[in-house]
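This report walks through a single fold, moving from one residue to the sheet and then to the cores.

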Amino acid sequence: MGRYEAVAEFISPIAAEVVSAVPHGPGTALVDLACGTGNAALHAAGLGAHVTGVDLTPELLAIAAAQPGGDTVEWVAADASATGLPDAAFDTAVSNQGIIFVEPVAMVAELARLLKPGGALGFSTWVRAGDNPFFTPIVEVLGPPEPAPYSPDQWGVPELVHARLDADFADVAIHSGTLTWRFASLADGVRFITDESPMHVSMLANLDDATRHRLVAAFTAALAAHESSDGAVAFDAPYAVITGRRR
């Protein structure tokens with residue numbers, strides 16, 4: 001649902017940062033897991049790496065393959081934690097805001113299986129923020145989410161990162177960054193939530209009309225708090241790039 005490529009356009013600078021943080025030069029065998037529309041995979045391929053992009057959704061892979069350079073990447077429709085690719089086949093594994101949504105025990109095991117000894121890992125994660133116009137209104141209107149065994153933003157907690165990775169990866173490092181979400185107008189920001197962001201579009205579709213209207217109003221108010229005098233809306237979202245080396 002929605003238009004995932006709109007999200008990918010916003011987070012593409014993080015994809016470039018992830019790729020630059022790990023070996024990616026000509027001849028590098030690199031896998032991009034939960035690759036979506038392929039922003040990290042295509043960037044690495046443009047730098048000369050031999051790239052395989054894996055995602056669960058064939059429709060997203062079709063969008064990736066149609067982009068410039070898409071014909072140089074091998075696209076595989078598979079679960080990122082059960083790719084079916086050969087053991088120790090890759091020098092580098094990356095993911096841009098992708099594998100954080102996958103059950104972590106299975107995901108880490110697959111990363112360890114796919115990488116050669118000494119192979120490099122690099123991926124990005126969102127870090128929980130106190131003020132998040134994309135999330136705070138959900139809690140305000142719908143209440144806190146039900147407890148779950150894992151959540152994407154757990155990868156933003158350094159202690160959990162090390163607990164999950166250190167057995168299989170050495171030199172684990174966490175590099176902090178900030179992405180600015182910027183919209184030309186308040187209407188553009190609201191439209192991104194209601195029409196483009198898959199997570200939000202899916203959630204709104206499952207609400208009754210009254211609750212949906214209340215939630216959209218709450219999103220509008222949250223974004224309006226970041227509106228500047230020229231009508232643009234911009235706010236910062238913290239993220240981290242996590243790197244490590246396969247033991």
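Which residues does Thr37 touch, not counting residues up to four places away in sequence? In this predicted model, Thr37 touches Tyr4, Glu5, Ala8, Leu42, Leu60, Ile63, Ala64 and Gln67. The residue belongs to the loop that lies between strand S1 (29-33) and helix H2 (39-46). Thr37 has a relative accessible area of 4% and counts as buried, because the limit for that class is under 20%.

**The sheet**

Seven strands make up an open sheet of mixed pairing, and their order is S3-S2-S1-S4-S5-S7-S6. At its edges stand strand S3 (74-77) and S6, each of which has a single partner strand, so that one side of each lacks a neighbour in the sheet. From one strand to the next, the twist averages 20 degrees.

The table below sets out pairings within this sheet.

| Strands | Sense | Bridges |
|---|---|---|
| S1 and S4 | parallel | three bridges |
| S4 and S5 | parallel | six bridges |
| S5 and S7 | antiparallel | seven bridges |
| S6 and S7 | antiparallel | 13 bridges |

Individual residue pairs show how these strands are placed against one another. Asp32 stands opposite Val94 in S4, while two further pairs link S4 to S5, with Phe90 opposite Leu115 and Asn96 opposite Ser124. Between strand S4 (residues 90-96) and strand S5 (residues 115-126), the chain passes through helix H4 (residues 104-114), and this β-α-β crossover is right-handed. On the antiparallel side, Gly122 has Thr243 of S7 as its bridge partner, and His175 is likewise bridged to a residue of S7, namely Val241.

How many of the seven residues of S4 are buried? Six of them are, so S4 is largely enclosed by the rest of the structure.

**The nonpolar cores**

In soluble globular proteins, nonpolar side chains tend to be buried together. Here the largest nonpolar core holds 44 residues, of which Val51, Trp75, Trp181, Phe192 and Leu215 touch the most other members. Helix H1 (residues 4-20) gives this core its largest share, seven residues. Trp75, when residues up to four places away in sequence are not counted, is in contact with Cys35, Gly38, Ala41, Leu42, Gly53, Leu61, Ala64, Ala65 and Gly70. A second core, separate from this one, has 27 residues, and among them are Ala93, Leu121, Val161 and Val172.

**Helix H6**

Val161 also appears in helix H6 (residues 158-165), where Val161, Arg164 and Leu165 are buried. Why can these buried residues be said to line one face of H6? Seen down the axis of H6, they fall within an arc of 85 degrees, and therefore they line one face of the helix. The face turned away from the buried side of H6 carries Glu159 and Ala163, which are exposed. The elements that cover the buried residues of H6 include H4, S5, strand S6 (169-183) and S7.

Taken together, H4 therefore has two places in this description, because the right-handed crossover from S4 to S5 runs through H4, and H4 is also one of the elements that cover the buried residues of H6.

Key
Residues are numbered from 1 along each chain as its sequence is written. This is a predicted model: local features need pLDDT of at least 70, side-chain atom pairs count only at pLDDT 80 or more; totals for chains, interfaces and linings use all residues. Side-chain values use heavy atoms; hydrogens and water are left out. Two strands pair if DSSP finds at least two bridges between them. Helices (H or I, at least four residues) and strands (E, at least two) are DSSP runs, numbered from the N terminus. A nonpolar core is a set of buried Ala, Val, Leu, Ile, Met, Phe, Trp, Tyr and Cys residues joined through side-chain atoms within 4.5 Å. Buried means under 20% relative accessible area, exposed over 50%, partly exposed in between (1.4 Å probe, protein chains only). Contact means heavy atoms within 4.5 Å. The arc is that of the directions from the helix axis to the C-beta atoms. Axes are lines fitted to C-alpha atoms, for helices over the stretch in contact, and angles run from 0 to 180 degrees between N-to-C directions.
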